[in-house]
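Please open the model in a viewer and keep the selection panel at hand. The stops below are given in the order in which they may be selected.

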Amino acid sequence: MKQPLSLNWELESIFPGGSSSPEFAGFLATLEVDIESLGQHVKDAVSPTDIHSTKDLDIVIELLQSCSGRLVQASEFVGCLGAQNQQDKGAIRLSGKVTGMRAGFEGIGSQFDNVLRETSDEVWAAWMLRPEIAPLTFVLSESRDLAREKMSPELESLALELAVDGYHGWSEHYETIVSSIKIPFEDQDGSKLLSAGQAFNKLDDPDPLVREVMFHKWEEAWSGAADYCADALNHLGGFRLKLYKGRGWEDVLKEPLSINRMSHETLNVMWDVITNSKPALVAYLQRKAKLLGLDSLTWTDVEAPVGKSTLKIPYETAAKDIVTQFRKFSPKLAEFAEHAFDNNWIEVEDRSGKRPGGFCVSFPESKESRIFMTYSGTPSNVSTLAHELGHAYHSYLLDDLPLFNQNYAMNVAETASTFAEVIVSDAQVKAASNDAEKLVLLEAKIQNSVAFFMNIHARFLFETRFYEKRKEGLVNAEELSALMEEAQKEAFCGVLSEYHPHFWASKLHFYITDVPFYNFPYTVGYMFSTGLYRLALQEGATFADKYDNLLRDTGVMTLEDLVAKHLDVDLKKPDFWQGATDLIMADITEFLEMTKHLA
């Protein structure tokens, strides 16, 4: 791995010139022409009546995949521009343009789905057996089945068009709100105004006074923006509910479960196992409070490091450690990570103007990925870096598949990322040079369990209840904060003394329009990845190939079928989920044993 590593990603190889790129402008112009051509082909298309007439639709399927891949390329590029500089007006303008193009494309896709819907079962069966089409059977059948549950193609197309300035518009408005958030902060260098992303990192500061002061400023800042955020959230929720009503969908979880290709039964079984495990997490949080010299933890204490550790991990050290730990599981994964570091795929600089949070995006045309985060040297930052590299590796494994088959669901996406995270965190704990270091790393690992079992659960409870309340009318900012605090108290079993009522306003995930309920898939991914890791420990070196094969099938199977095929496991039964939880509980048991003389 080359030294020194750049703190900034490189976007010029994707499209040179940023938001003023002539090459990108030409790319969009060509894409617009091709989408228009696709629209005409679909307009002229009729449902095939025999196997011979199915060949007339080959060009439509080819164009659908081509345009889809280029739209992703364009959308992710614009998203990267906006994330690295929230004041990039050109990126904001391009985002609106790409969103409009995507809506038009989705409308065309909806019309083609009607062609699939109207095809007879007999012709469909023969069509799916054609060698050119057979690899796409799962995705095409999924689209056909979903089309039969939606409104007419005309109404679906209208809804998509209206969504540009309505549904997606409110999401973009939220981004504008976030970009305006400035939070005052004072340190040895004097007073400064921090962006939301910079201020968020201060909430993990090892100094409890810094955390406390920043949390109250954080709450104050989001309280000031709460009415605007409430407008955005209400209109996003209202749009979804009206659309669901038009389709005859009563359950707000129908779409997110469908997107994640999993059943309600599987989700319920997982949450039941998690709920039954929470007493151990409560014991951990109570012990942590004692270690911090507190009667009980507040919201910001939950992720605070134990003791007085000021462990800071330089970026280059983190990169080297991640590659080393990846190699112990899979040389292929390690080589991929090295490639990402060496080719400047990763943006980590701690500077103002950046979007908060972290993400990974993949460019299907370039067959590259880019990772975004703000790195400040905490163990949590290292975990995030490994997490996002897991996402990138997942996309890399699918690069040679038809584009339709690269569209995997969020829950299995979070599986790959969280598995990578577990590899690193577990190895770090085992390699600790002394008990003090081991305790810090073990505690950081357990914090993930709290995040996925409690924090994410609170988000799920909040969003579920918000939609029920939204059916009755608008929900004001005060009511949203009350719902949020109620959900947090339930998910954390009442163990905290202070909660985060404006979390609903500060969390981007509630405002994402591509994926509703951007919460429970994280926990599914965490539990699934932990279960996979448990099997990897049992099986040894041969598991890496099995893992890769499982990931390559994530775009063409339901979660239940995927696991049944590759692991011979039934996810509708608690056994697999319980095995994953047992591994997590072992960490908590070790933590409690190591700290019993310190409390």
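Helices, as named in this tour, are DSSP runs of H or I with at least four residues, numbered from the N terminus. The model is a predicted one.

**Helix 6.** Select residues 153–165, the helix in which Leu162 is placed. Leu162 has a relative accessible area of 54% and is therefore exposed, the cut-off being over 50%. Together with Leu155 and Leu158, Leu162 forms a nonpolar surface patch with about 280 Å² of accessible area.

**Strands 1 and 2.** Move next to residues 183–187 and 190–194, two strands that run antiparallel and are joined by five bridges. The hairpin between strand 1 and strand 2 passes through two residues. Within this pair, Glu186 is found opposite Ser191 of strand 2.

**Helix 12.** Select residues 315–329. With 15 residues at 1.5 Å each, this helix should span 21 Å, and the 22 Å between its end C-alpha atoms agrees with that expectation. Which residues of helix 12 are buried? They are Tyr315, Ala318, Ala319, Ile322, Val323, Gln325, Phe326 and Phe329. In an α-helix, residues three or four places apart point the same way, because there are 3.6 residues a turn. To see what covers the buried residues of helix 12, display elements including helix 13 (331–342), helix 14 (379–397) and helix 19 (520–539).

**The sheet.** Three strands make up an open sheet of mixed pairing, in the order 4-6-5. Strand 4 and strand 5 (359–363) are its edges, each pairing on one side only. Between strand 5 and strand 6 (residues 368–372) there are five bridges in the antiparallel sense; Cys360 has Ile371 of strand 6 as its bridge partner.

**Salt bridges.** The model contains 33 salt bridges. Remain at strand 6 and select Arg370, which forms a salt bridge with Glu10, with 3.9 Å between the closest N and O atoms. Because Glu10 lies in the segment before helix 1 (22–44) and Arg370 in strand 6, the pair ties together parts 360 residues apart in sequence. Arg370 is buried at 0% relative accessibility, whereas Glu10 is partly exposed at 25%.

Proceed to Asp426 and Lys445, whose salt bridge has its closest N and O atoms 2.7 Å apart. Asp426 belongs to helix 15 and Lys445 to helix 16 (residues 435–470), so this pair ties together parts 19 residues apart in sequence. As a last selection, take Glu347, Glu349, Arg351 and Lys354, which salt bridges with shared partners join into one network.

Conventions: Residues numbered from 1 in each chain as written. Predicted model: local features only at pLDDT ≥ 70, side-chain atom pairs only at ≥ 80, totals over all residues. Heavy atoms only, no water. Expected span 1.5 Å × (residues − 1). Buried < 20%, exposed > 50% of the residue type's maximum accessible area, 1.4 Å probe, protein only. Contact = heavy atoms within 4.5 Å. Pairing = 2+ DSSP bridges. Patch = residues over 30% accessible without salt bridge, like charges linked within 9 Å, V, L, I, M, F, W, Y side chains within 5 Å. Areas by Shrake-Rupley, 256 points an atom, 1.4 Å probe, with all protein chains shown as cover. Salt bridge = Lys/Arg side-chain N within 4 Å of Asp/Glu carboxyl O.
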